[in-house]
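Biologist: I would like to learn how to read a model of this kind, one feature at a time. Could we go through it together, with the general idea before the particular case wherever there is one?

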Amino acid sequence: MVELLVVIAIIGVLVGLLLPAVQAAREAARRMQCGNNLKQIGLALHNYESAYRVWPAQSSSPSQGKGFITKRGSWFTAVLPFIEQDGLFQSFDGNYHWHDPENAEAVNAKVPAMSCPSVPERRGFEWTVLVDYANATTTSYTLSARDFYDGATTDYANVGGVGTQLNAVLPPSQQLHDPRNCGILKSTAVRLSDVIDGLSNTLLVVECAGRPELFQNGRLVGDGASPKTWSGSSSVTRPFPTGGVWASHNKGFTVDGALPDGNTAIRPGSCSINCSNDNEVYSFHVGGAQTLVADGSVRFLTSSLPIDQLVALVSRNGHEVVTLD
């Protein structure tokens, strides 16, 4: 009996040592798959640029003037043919908004390359208002009531620029003249020659995982809790960050930085990575997040990256000197 108890104790110790190793190996495999997803997205974006001689704009939606009839959509839809999803691309009808019933089947289709396997499964939706213009001559617009619009999720996003509050607290030599539009995938299309800082020094796509659920420092902020989020507008009363649906027009975000506790309602913040997924760089990997650089490489940025270095990596024409080691 004593010998049996000793054997059982030894087996228990071995299992206790083995489980963390197994979990670490699984996470390493998931992180590798996440990096492969970003690599595919990078190839798709470069193939798009080769075909059209321009990067895609981050989104489309009604705007002043002739653009008042523009339909809401995402750059993810534009690159579907370049990630072997031509059938899904053909099923998406660009004559309708992504959230119209005519596109319901397409936008609810899960695309493997758009999801990180380390992220928990969740319902996909946008909880947002919609902006519309009555005609081509008016500058006034109407806002719909905030509502839910379903669609399959994505854990990746482009960074269109830098928040004006964050830009204002940077040293004068580092401040950008047009911070909100300094990224590559932004509100209007950018040519390859516009990336003055160099492709190897500028980000294309980053992880912003877990949306529309709100996560702060690895913790899920449930509905009913104090949201501490700015995403959408000041009318937000529930913790649902926008931009988590791959087909949504709420694509791209400006880096503002989060507070160390994950609060993004107060801007700017000093935390650059993994403090909040409320339209900030965020992953479910330990120690940092994976990013797609404009030269097509995938780099892991650590959670300790200073916010000013993230700003430098976002801007395509800030003339900063940065390295991604």
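Biologist: Which residue stands opposite valine 162 in E11?

Modeller: Please keep in mind throughout that this is a predicted model. As a general idea, the strands of a sheet pair through backbone hydrogen bonds, and they do so either parallel or antiparallel. Here, valine 162 stands opposite valine 255 in E11, and E7 and E11 pair in the parallel sense, over 3 bridges.

Biologist: In which sense do E7 and E8 run, parallel or antiparallel?

Modeller: E7 and E8 run antiparallel and are joined by 3 bridges; one pair to look for is tyrosine 156, whose bridge partner in E8 is glutamate 207.

Biologist: In what order do the strands of the open sheet come?

Modeller: The open sheet is formed by 5 strands in the order E11-E7-E8-E12-E13, and its pairing is mixed. E11 and strand E13 (298-302) stand at the edges, and because each has a single partner strand, one side of each is left without a neighbour in the sheet. Neighbouring strands of this sheet are turned against each other by 45 degrees on average, with direction ignored. At the E13 end, E12 and E13 pair in the antiparallel sense over 5 bridges, and the bridge partner of alanine 289 in E13 is leucine 301.

Biologist: How many residues of strand E7 are buried?

Modeller: A general point about side chains is useful here: in a regular strand they alternate between the two faces of the sheet. A residue counts as buried when its relative accessible area is under 20%, and in strand E7 (residues 156-162) this holds for 7 of the 7 residues, so the strand is largely enclosed by the rest of the structure. Helix H6 (residues 307-314) lies across E7, E8, E11 and E13, and runs at about 95 degrees to E7.

Biologist: Turning to the backbone, which residues does a cis peptide bond join?

Modeller: One such bond joins arginine 211 and proline 212, with omega about 10 degrees, and this proline 212 lies in the loop between strand E8 (203-207) and strand E9 (214-216). A cis peptide bond also joins arginine 267 and proline 268, where omega is about -5 degrees; proline 268 is in the loop between strand E11 (253-255) and strand E12 (288-293).

Biologist: What is the phi of arginine 53 near, and is this residue buried or exposed?

Modeller: Phi of arginine 53 is near 60 degrees, a positive value in a residue other than glycine. Arginine 53 is in the loop between H1 and strand E1 (59-60), and with a relative accessible area of 56% it is exposed. Glutamate 84 likewise has a positive phi near 60 degrees although it is a residue other than glycine; its place is in the loop between helix H2 (75-78) and helix H3 (86-91), and it is exposed, with a relative accessible area of 77%.

Biologist: Finally, which residues make the nonpolar surface patch?

Modeller: Met1, Leu5 and Ile8 make a nonpolar surface patch of about 360 Å². Methionine 1 is in the segment before helix H1 (2-52). A residue counts as exposed when its relative accessible area is over 50%, and methionine 1 has 74% relative accessibility, so it counts as exposed.

How values were computed: Residues numbered from 1 in each chain as written. Predicted model: local features only at pLDDT ≥ 70, side-chain atom pairs only at ≥ 80, totals over all residues. Heavy atoms only, no water. Patch = residues over 30% accessible without salt bridge, like charges linked within 9 Å, V, L, I, M, F, W, Y side chains within 5 Å. Areas by Shrake-Rupley, 256 points an atom, 1.4 Å probe, with all protein chains shown as cover. Salt bridge = Lys/Arg side-chain N within 4 Å of Asp/Glu carboxyl O. Helix = DSSP H or I, 4+ residues; strand = E, 2+ residues; numbered from the N terminus. Buried < 20%, exposed > 50% of the residue type's maximum accessible area, 1.4 Å probe, protein only. Pairing = 2+ DSSP bridges. Axes fitted to C-alpha atoms, helices over the stretch in contact; angles between N-to-C directions. Contact = heavy atoms within 4.5 Å.
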